[in-house]
Amino acid sequence: MHNKPKIGVSRCLLGDAVRYDGNNSANAIVIDKLGNLFELVPVCPEVEAGLPIPRPPVQLSNSIENPQLLGRDDPTIDITSLMQNYCNKRVPQLDQLSGFVFKSRSPSCGLNSTPVFINDKCVTEQDRGVFARTFTQHYPQLPVIEETELESAENYERFTAAVMLIARM
Ligand code: SF4
């Protein structure tokens with residue numbers, strides 16, 4: 001197929017070893033099935049923001065509505081401004097995309113599954129990572145999904161149909 005619609009994908013889902021622990025989160029549905037339908041545009045917000053591989057893990061902290069990105073093991077690590085500045089600059093550059101598949105539970109990429117910690121206690125596991133939050137605020141009309149949701153055939157069909165529809169507009 002020529003001129004496949006472009007969708008963004010959290011880069012670790014494509015098998016690239018960009019996670020904080022130096023591993024990847026390769027996802028066969030994304031690589032094999034979505035890769036046949038769409039041109040996959042990899043984005044790793046943390047690496048693009050300049051963080052190394054491996055790197056200290058971070059977590060959403062201190063607020064559900066306006067969380068900080070602090071070190072999981074060392075809370076003196078604060079990459080909130082670094083990541084927000086990156087997101088504010090990078091997200092508007094992604095206007096060629098017709099959708100996005102996000103890595104679940106990530107403090108950067110999670111869509112509806114990211115834990116938030118306040119005083120060392122997990123207060124929700126349904127928040128949004130900072131990149132996913134900026135992306136969905138900037139492109140509220142675009143179809144978005146987490147890789148775990150693609151395991152449902154119904155969700156998969158709904159997402160791919162929505163991308164096709166947007167791409168044709
Ligand atoms: S979840 Fe997002 S920030 Fe984390 S490694 Fe994957 S692409 Fe990078």
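Trainee: In what order do the elements of the protein chain run from the N terminus on?

Mentor: This is a predicted model, and in it the order is β-α-β-α-β-β-α-β-β-β-α-β-α. That comes to 5 helices and 8 strands.

Trainee: What makes the protein chain as compact as a globular protein of its length?

Mentor: Set the two values side by side: the radius of gyration is 16 Å, and the globule rule gives 15 Å for 169 residues. Those are close, so the chain counts as compact as a globular protein of that length. The C-alpha trace spans about 50 × 30 × 30 Å along its principal axes.

Trainee: Why would Ile7 and Phe100 be said to belong to a nonpolar core?

Mentor: Membership takes a buried residue of a listed nonpolar type, joined to others through C-beta atoms within 7 Å. Ile7 and Phe100 are among the 36 residues of the largest such core, and along with Val101 and Phe102 they touch the most other members. H4 gives the largest share, 4 residues.

Trainee: Which residues is phenylalanine 100 in contact with, leaving aside neighbours within four places in sequence?

Mentor: Ile7, Gly8, Phe135, Leu142 and Val144. Contact takes C-beta atoms within 7 Å, so each of those five passes that cut-off with Phe100.

Trainee: And the ligand: which residues come nearest?

Mentor: Cys12, Cys44, Lys103, Ser106 and Cys109, out of 13 around the ligand. Helix H2 (residues 45-48) gives the most to that shell, with 3 residues.

Trainee: How do the residues of the shell divide?

Mentor: Into 6 nonpolar, 3 polar and 4 charged; cysteine counts as nonpolar here.

Technical notes:
Residues are numbered from 1 along each chain as its sequence is written. This is a predicted model: local features need pLDDT of at least 70, side-chain atom pairs count only at pLDDT 80 or more; totals for chains, interfaces and linings use all residues. A residue is near a molecule or strand if its C-beta atom, placed from the backbone, lies within 6 Å of it. Helices (H or I, at least four residues) and strands (E, at least two) are DSSP runs, numbered from the N terminus. A residue is buried if 20 or more other C-beta atoms lie within 10 Å of its own, exposed if 12 or fewer, and partly exposed in between; C-beta atoms are placed from the backbone. Two residues are in contact if their C-beta atoms, placed from the backbone, lie within 7 Å. The radius of gyration is taken over C-alpha atoms; the globule rule is 2.2 Å times the number of residues to the power 0.38.
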